[in-house]
Amino acid sequence: MTNDNWPAPLGPEEVLLWQSLGRLVHSLPRALEDDMSRTGVTMTEFAVLLILSQAPDRRMRMAALASAAGLTPSRITRVVDDLARHDLVRKERHSQDSRGNDAILTDSGLRRMREIQPAHLASARRRVVDRVPSALLPALAQILAELADSLSPQSRDA
């Protein structure tokens, strides 16, 4: 690649954005996991429980669950298997496609998710939401959703 083909250098605000985002993606998960450690459920496990609680019939295809949680297929399998060992989730063959599995949130999983949701909400507010000015929240939420969507496997494959 010649210098003529290089992207334009980042300006000062762009550098600040890029470096701050890098620090955030490394430090925020650790902080959230630390907050959630008191509940006995990891942040990833909670995210899976929450996603399933909002799904029709509390059921999702494993591939769709992986995508919604931002996890790889192998990682979602490990997370769901761990949750199943505690009777919070169960796996079943998909009713119309026996090649795939569904993850189903159990009644005890729903109860557990609701028990720990206040800890999650307190962490989300303290670590992020309450630090964003309310006037910026809708635009920032939309931008972050679009960035996350652009990195999903479906977007990368398109």
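Does Arg93 count as buried or exposed, and what is its relative accessibility? In this predicted model, Arg93 belongs to strand S2, and it counts as exposed because its relative accessibility is 52%, where the cut-off for that class is over 50%.

From Arg93 the reader can move to the strands around it. S2 pairs with S3 in the antiparallel sense over 5 bridges, and one of the partnerships places Glu92 opposite Asp102 of S3. Arg93 itself is separated from Ala103 by 10 residues in sequence, while their C-alpha atoms lie 9.0 Å apart in space. Ala103 is also the S3 bridge partner of Met60, and S1 and S3, which run antiparallel, are joined by 3 bridges. S3 thus has pairings with both S1 and S2, and because 4 of its 5 residues are buried, S3 is largely enclosed by the rest of the structure. In a regular strand, side chains alternate between the two faces of the sheet.

The strands also take part in covering helix H3, which spans residues 62-69 and in which Met62, Leu65 and Ala66 are buried. Viewed down the axis of H3, these buried residues fall within an arc of 100 degrees, so they line one face of the helix. An α-helix has 3.6 residues a turn, so residues three or four places apart point the same way. The cover over the buried residues of H3 includes helices H2 (43-54) and H4 (73-85), together with strands S1 (59-61), S2 (89-93) and S3 (101-105). Just after H3, Gly70 adopts a positive phi of about 75 degrees.

Positive phi values occur in two loops as well, and here the residues are not glycine. Most residues other than glycine have a negative phi. Asp57, in the loop between H2 and S1, has a phi near 60 degrees, and because its relative accessibility is 72%, Asp57 counts as exposed. Asp87, in the loop between H4 and S2, likewise has a positive phi near 60 degrees, but at 48% relative accessibility Asp87 counts as partly exposed.

A further feature of the surface involves helix H1, which covers residues 12-36 and contains Val25. Val25 counts as partly exposed because its relative accessibility is 49%, and together with Leu10, Trp18, Leu21 and Leu24 it makes a nonpolar surface patch of about 500 Å².

Definitions and conventions. Residues are numbered from 1 along each chain as its sequence is written. This is a predicted model: local features need pLDDT of at least 70, side-chain atom pairs count only at pLDDT 80 or more; totals for chains, interfaces and linings use all residues. Side-chain values use heavy atoms; hydrogens and water are left out. Patches are made of residues with over 30% relative accessible area and no salt bridge: like charges are joined within 9 Å, nonpolar side chains (Val, Leu, Ile, Met, Phe, Trp, Tyr) within 5 Å. Accessible areas come from the Shrake-Rupley method with a 1.4 Å probe; for residues, only the protein chains shown count as cover. A salt bridge is a side-chain nitrogen of Lys or Arg within 4 Å of a carboxyl oxygen of Asp or Glu. Buried means under 20% relative accessible area, exposed over 50%, partly exposed in between (1.4 Å probe, protein chains only). The arc is that of the directions from the helix axis to the C-beta atoms. Contact means heavy atoms within 4.5 Å. Two strands pair if DSSP finds at least two bridges between them.
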